[in-house]
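Colleague: I would like to learn how to read a model of this kind feature by feature. Could we take the general idea in each case and then turn to the example in front of us?

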Amino acid sequence: MQIEKLRGRELDQLFAAILSLKDIEECYRFFDDLCTINEIQSLSQRLEVARMLKEGKTYHKIETETGASTATISRVKRCLNFGNDTYEMVLDRIKEK
């Protein structure tokens, strides 16, 4: 797992901060302070790519609808196939709500 290379106090602090957020409005405010607009858009784009891949959409359709590069789509697909199953976990959880 690549995350082991990053694991440490600072990343634990970041994740604890994210977990402390109470609602979507707090998320908007925190991420606005923490990240650039492009960084936030890149993260949300990857999640959308994962959702579309899960639904069986083609690379061409995903690229057209999201603007994601084929490299990004491939990376997300690799994570869906060989990663930690977290894209599926969170997509299933937010679908339930």
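Modeller: Let us begin with burial, where a residue counts as buried under 20% relative accessible area, as exposed over 50%, and as partly exposed in between. Please keep in mind throughout that this is a predicted model.

Colleague: With those cut-offs in hand, is Met-89 buried, partly exposed or exposed?

Modeller: Met-89, which lies in helix α7, has a relative accessible area of 34% and is therefore partly exposed. Its C-alpha atom is 24 Å from that of Gly-67, with the two positions 22 residues apart in sequence numbering.

Colleague: How should Lys-77 be read on that scale?

Modeller: Lys-77 has a relative accessible area of 36%, so this residue too falls in the partly exposed class. The residue belongs to helix α6 and, when neighbours within four places in sequence are left aside, has contacts with Leu-53 and Tyr-59. As for Lys-95, which is 18 residues away along the chain, its C-alpha atom and that of Lys-77 are separated by 19 Å.

Colleague: Stepping back to the whole chain, how many helices and how many strands does the protein chain have?

Modeller: The protein chain has 7 helices and 0 strands, so that, read from the N terminus, the order of elements is α-α-α-α-α-α-α. The C-alpha trace spans about 40 × 30 × 30 Å along its principal axes, and buried residues make up 14% of the 97 residues. Of the contacts with a separation of 6 or more, 34% are between residues 24 or more positions apart. The accessible surface comes to about 7,800 Å², with 53% of that area belonging to carbon and sulfur atoms.

Colleague: Which residues form the largest nonpolar core?

Modeller: The general idea is a set of buried nonpolar residues joined through side-chain atoms within 4.5 Å. Here the largest such core has 11 residues, namely Val-49, Ala-50, Met-52, Leu-53, Ile-62, Ala-68, Ile-73, Val-76, Leu-80, Tyr-87 and Leu-91. Helices α4 (37-54), α6 (70-82) and α7 (86-96) each supply at least two of these residues, and α4 gives the most, with 4 residues. Ala-50 illustrates the arrangement, for beyond its neighbours within four places in sequence this residue is in contact with Val-76, Leu-80, Tyr-87 and Leu-91.

Colleague: And how does one read an aromatic pair?

Modeller: A pair of aromatic rings is described by the distance of the centres and the angle of the planes. The count in this model comes to 1 aromatic pair. That pair is formed by Phe-30 and Phe-31, with 5.6 Å centre to centre and 85 degrees between the planes, and is classed as edge-to-face. Phe-30 has 24% relative accessibility and therefore counts as partly exposed.

Colleague: What about the backbone: which sign of phi should one expect?

Modeller: Most residues other than glycine have a negative phi. Asp-85 has a positive phi of about 65 degrees although it is not a glycine, and its place is in the loop between α6 and α7.

Colleague: Finally, how many positive and negative side chains are there, and how far apart do the centres of the two sets lie?

Modeller: There are 16 positive and 17 negative side chains in the protein chain, and the centres of the two sets lie 5 Å apart.

Terms used. Residues are numbered from 1 along each chain as its sequence is written. This is a predicted model: local features need pLDDT of at least 70, side-chain atom pairs count only at pLDDT 80 or more; totals for chains, interfaces and linings use all residues. Side-chain values use heavy atoms; hydrogens and water are left out. Rings of Phe, Tyr and Trp (its six-membered ring) pair if their centres lie within 6.5 Å; planes under 30 degrees apart count as stacked, over 60 as edge-to-face and the rest as tilted. Buried means under 20% relative accessible area, exposed over 50%, partly exposed in between (1.4 Å probe, protein chains only). Helices (H or I, at least four residues) and strands (E, at least two) are DSSP runs, numbered from the N terminus. Contact means heavy atoms within 4.5 Å. Accessible areas come from the Shrake-Rupley method with a 1.4 Å probe; for residues, only the protein chains shown count as cover. Lys and Arg count as positive and Asp and Glu as negative; His and the chain ends are not counted. The place of a charge is taken as NZ of Lys, CZ of Arg, CG of Asp or CD of Glu.
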